[in-house]
Amino acid sequence: MNSTNINTPDYWDGVYRHEWESGSVLSGEYHRDYAPIHEAIIRLIPDGSRVLDIACGAGLLCRKIKQTLPSARVMGVDFAQYTIDQNCKRDESLAIEYRCVDIRKSLGSLERAFDVVIMCEILEHLDQPEAVVAEAFPLLNAGGRFILTCPHDDAIPDPEHIRCWGHDELFHLLAPYSNTVSFVHFPPPYFHIWMLAYLTKGGLGATSQAAR
């Protein structure tokens with residue numbers, strides 16, 4: 001893992017600027033389109049939910065949620081202003097709300113509550129993931145669903161990744177927030193290197209469940 005965190009707003013502004021201006025985001029073959037993972041997330045969201053996507057990037061998951069579940073009210077937040085601006089232009093007709101928020105320390109500035117909170121492909125980029133998760137949970141209504149995805153262990157070596165997460169580490173991160181933490185694992189040949197964890201906001205003393 002990289003000891004110096006390169007994941008800053010300026011860094012990701014540059015990454016997303018390149019991806020938007022090169023046409024990659026709108027190409028239909030965007031390399032951040034994790035289709036099976038996105039589909040698994042959407043299956044966990046009741047239509048009509050108020051949904052928050054933390055670190056929404058180019059807004060692909062937000063768009064998929066709104067297009068699949070048209071009654072959902074979707075907000076995406078990211079600390080890269082460039083992609084937030086592009087998302088707002090692209091998705092104006094879908095009524096998706098986007099905001100530039102420093103997800104590392106300012107999630108508490110969001111004044112509303114949500115039925116579903118998603119952290120997809122962000123945990124491994126954070127210096128203080130426990131603090132970010134702790135700040136995200138008050139945004140979730142009682143009985144609401146929290147969904148998190150990340151690579152399994154060091155399956156994707158990358159200088160952007162600050163910390164490895166295995167099943168046990170992810171369970172212990174989430175256990176204080178619910179009675180049950182459920183896991184979804186994906187089959188080979190490609191998406192098996194990711195894991196998805198979800199829970200319903202509740203009490204203490206979590207148990208773990210696994211599913212495919």
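# A tour from strand β7 outwards

Start by selecting strands β5 (residues 140-151) and β7, which run antiparallel and are joined by seven bridges. Helices (H or I, at least four residues) and strands (E, at least two) are DSSP runs, numbered from the N terminus, and two strands pair if DSSP finds at least two bridges between them. This is a predicted model, in which local features need pLDDT of at least 70 and side-chain atom pairs count only at pLDDT 80 or more, while totals for chains, interfaces and linings use all residues. Residues are numbered from 1 along each chain as its sequence is written, and side-chain values use heavy atoms, with hydrogens and water left out.

**Strand β7 and its partners**

Pick C150 next; its bridge partner in β7 is M195. Then add strand β6 (residues 180-185), which pairs with β7 in the antiparallel sense over four bridges. Here F183 stands opposite A197 of β7. Now colour β7 (residues 194-200) by accessibility: six of its seven residues are buried, where buried means under 20% relative accessible area, exposed over 50% and partly exposed in between (1.4 Å probe, protein chains only).

**The nonpolar cores**

Select F146, L170 and L174, the residues with the most contacts inside the largest nonpolar core, which has 47 residues. A nonpolar core is a set of buried Ala, Val, Leu, Ile, Met, Phe, Trp, Tyr and Cys residues joined through side-chain atoms within 4.5 Å. What does L170 touch, not counting residues up to four places away in sequence? L170 touches L123, L148, C150, W165, F183, M195 and A197, contact meaning heavy atoms within 4.5 Å. Two of the strand pairs visited above appear here again: C150 with M195, and F183 with A197. Apart from this core lies another, of 29 residues, among them I41, V51, Y98 and I118.

**Salt bridges**

Side chains of opposite charge can pair when their charged atoms come close. A search of the whole structure finds eleven salt bridges, each a side-chain nitrogen of Lys or Arg within 4 Å of a carboxyl oxygen of Asp or Glu.

- Select K64 and D33, whose closest N and O atoms are 2.5 Å apart. K64 lies in helix α3 (residues 60-68) and D33 in the loop between α1 (9-21) and α2 (35-43), so the salt bridge ties together parts 31 residues apart in sequence. K64 is buried at 18% relative accessibility, whereas D33 is partly exposed at 28%.
- Move to R63 and D91, a salt bridge with its closest N and O atoms 3.2 Å apart. R63 is in helix α3 and D91 in the loop between α4 (81-90) and β3 (97-100), so this pair ties together parts 28 residues apart in sequence. Both R63 and D91 are buried.
- Then select E97, R99, E111 and R112, which salt bridges link in a network. Within it, the closest N and O atoms of E111 and R112 are 3.9 Å apart. E111 is exposed at 58% relative accessibility, and R112 is partly exposed at 34%.

**Aromatic pairs**

There are eight aromatic pairs. Rings of Phe, Tyr and Trp (its six-membered ring) pair if their centres lie within 6.5 Å; planes under 30 degrees apart count as stacked, over 60 as edge-to-face and the rest as tilted. Select Y11 and W12: this pair is edge-to-face, 5.4 Å centre to centre with 90 degrees between the planes. Y11 is partly exposed, with a relative accessible area of 28%, while W12 is buried at 7%. Finish on Y34, Y190, F191 and W194, a cluster linked by ring pairs.
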